[in-house]
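Open the model in your viewer and keep the selection box handy. We will go stop by stop, choosing something to select and then looking at what is there.

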Amino acid sequence: MKKVTLKAVVNEELCIGCKICEKVCPVYAIQVNDRKAHSDPAKCMACANCADRCPRYAIKMVERDDPFEVGVDVSKFDYEEIRALCEKAHLNPEQVLCYCVGVRAEEVAAALLSGATTPEEVSAMTGMRTGCTIECIQPLLRLVQAAGNELHPNPNGYQWYGVTVTAWDMPEEVKEKYNSRGFYFDEDKALLDKVVKVRPEEEK
Ligand code: SF4
Ligand code: SF4
């Protein structure tokens with residue numbers, strides 16, 4: 001659960017329309033039209049990415065007079081479905097994915113089960129990736145894919161969804177090559193699969 005207490009406000013006099021803010025917003029809450037940036041306070045999740053990266057210091061984060069909370073109530077979903085989706089992405093449902101906001105894999109799975117199909121929609125529903133906006137992108141992408149969604153480039157043409165190869169995707173010849181150099185991908189995979197599948201009754 002994230003409480004959003006700030007919003008991005010653009011000073012149009014300073015804005016030069018470079019679109020950097022648009023490219024770094026995790027929820028498409030700021031867009032450039034007619035060479036000026038416009039932020040949408042209803043969508044802004046207060047990550048401050050745009051303000052931090054604007055080369056003209058044209059964006060300020062200001063206190064909202066309408067703070068709101070975002071989060072998905074996991075208890076409203078079939079937990080077996082949540083578990084199955086998380087396991088498909090090689091994640092334990094109780095694993096914290098976004099440390100800035102405190103979002104677990106189960107909440108992301110619940111957002112996807114309730115209709116989110118893109119990383120931006122998951123972020124808007126859960127607050128995930130609206131803190132540092134960097135560290136949690138890979139597990140978020142893995143869950144979005146595990147739910148059967150394709151990762152499309154940003155509609156404005158910016159590609160920023162590079163998915164890194166994991167031990168589950170690595171070709172056998174690559175694994176063999178590195179096994180001789182002291183890497184143990186299959187053993188790592190088996191151990192992580194065990195961790196992912198741990199259920200509360202199995203822990204006792
Ligand atoms: S990053 Fe700053 S200067 Fe560039 S479009 Fe956004 S508000 Fe304008
Ligand atoms: S503060 Fe974050 S969420 Fe809000 S408009 Fe800027 S980049 Fe987007």
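Start by selecting helix H4, residues 105–113. In this predicted model, eight of its nine residues are buried, so H4 is largely enclosed by the rest of the structure. To see which ones, colour Ala105, Glu106, Glu107, Val108, Ala109, Ala110, Ala111 and Leu112: these are the buried residues of H4. Now show what surrounds them. They pack against H3, E5, strand E6 (103–104), helix H5 (119–126) and H6. Before you leave, look at Gly115, which follows H4 and has a positive phi, near 120 degrees.

Next, widen the view to the nonpolar core. Which residues have the most contacts inside the largest one? Select Leu97, Val108, Leu112, Val122, Met128, Leu140 and Leu143; the core they belong to has 29 residues. At least two residues each come from helix H3 (79–88), strand E5 (96–98), H4 and H6. Another core, of 20 residues, lies apart from this one, and its members include Ala8, Ala29, Val32 and Ala46. As background, nonpolar side chains in soluble globular proteins tend to be buried together.

Zoom in on Met128 for a closer look. Leaving out residues up to four places away in sequence, Met128 touches Leu97, Cys98, Val103, Val108, Ser123, Cys136 and Leu140.

Move on to helix H6 (residues 137–146) and pick Gln138. Is Gln138 buried or exposed? Its relative accessible area is 17%, and because the cut-off for buried is under 20%, Gln138 counts as buried. Display its side chain together with Thr164: the side chain of Gln138 reaches the backbone nitrogen of Thr164 at 3.0 Å. Beyond the residues up to four places away in sequence, Gln138 touches Gly162, Val163 and Thr164.

Now select strand E2 (residues 30–33) and turn on its side chains. Ile30 and Val32 point to one face and are buried, whereas Gln31 and Asn33 point to the other and are not. Such alternation between the two faces of the sheet is what a regular strand shows. Add strand E3 (residues 36–39), which pairs with E2 in the antiparallel sense over four bridges. Opposite Ile30 you will find Ser39 in E3. The hairpin of E2 and E3 has two residues between the strands, and Asp34 there takes a positive phi near 50 degrees.

From Val32 you can step straight to ligand 1, as Val32 is one of the residues that surround this ligand. Show the others too: Cys15, Ile16, Gly17, Cys18, Lys19, Ile20, Cys21, Ala37, Cys54, Pro55 and Ile59. Sorted by class, this shell has ten nonpolar, one polar and one charged residues.

Then select ligand 2. What comes nearest among the 14 residues around it? Look for Cys25, Cys44, Cys47, Ala48 and Cys50. The shell around ligand 2 has 13 nonpolar residues, one polar and no charged ones.

For the last stop, choose Ala51 in helix H2 (residues 49–53). Ala51 is buried, with a relative accessible area of 15%. Not counting residues up to four places away in sequence, Ala51 touches Ile59 and Met61. Finally, draw a C-alpha to C-alpha distance from Ala51 to Val24: the two are 27 residues apart in sequence and 10.0 Å apart in space.

Terms used. Residues are numbered from 1 along each chain as its sequence is written. Chains are lettered from A and ligands numbered from 1 in the order in which they are written. This is a predicted model: local features need pLDDT of at least 70, side-chain atom pairs count only at pLDDT 80 or more; totals for chains, interfaces and linings use all residues. Side-chain values use heavy atoms; hydrogens and water are left out. Buried means under 20% relative accessible area, exposed over 50%, partly exposed in between (1.4 Å probe, protein chains only). Two strands pair if DSSP finds at least two bridges between them. A residue is near a molecule or strand if one of its heavy atoms lies within 4 Å of it. Ala, Val, Leu, Ile, Met, Phe, Trp, Tyr, Cys and Pro count as nonpolar, Asp, Glu, Lys and Arg as charged, and the others, Gly among them, as polar. A polar contact is a pair of N or O atoms within 3.5 Å; within protein, one must be able to donate a hydrogen and the other to accept it, and residues adjacent in sequence count only if both atoms are side-chain atoms. Contact means heavy atoms within 4.5 Å. A nonpolar core is a set of buried Ala, Val, Leu, Ile, Met, Phe, Trp, Tyr and Cys residues joined through side-chain atoms within 4.5 Å.
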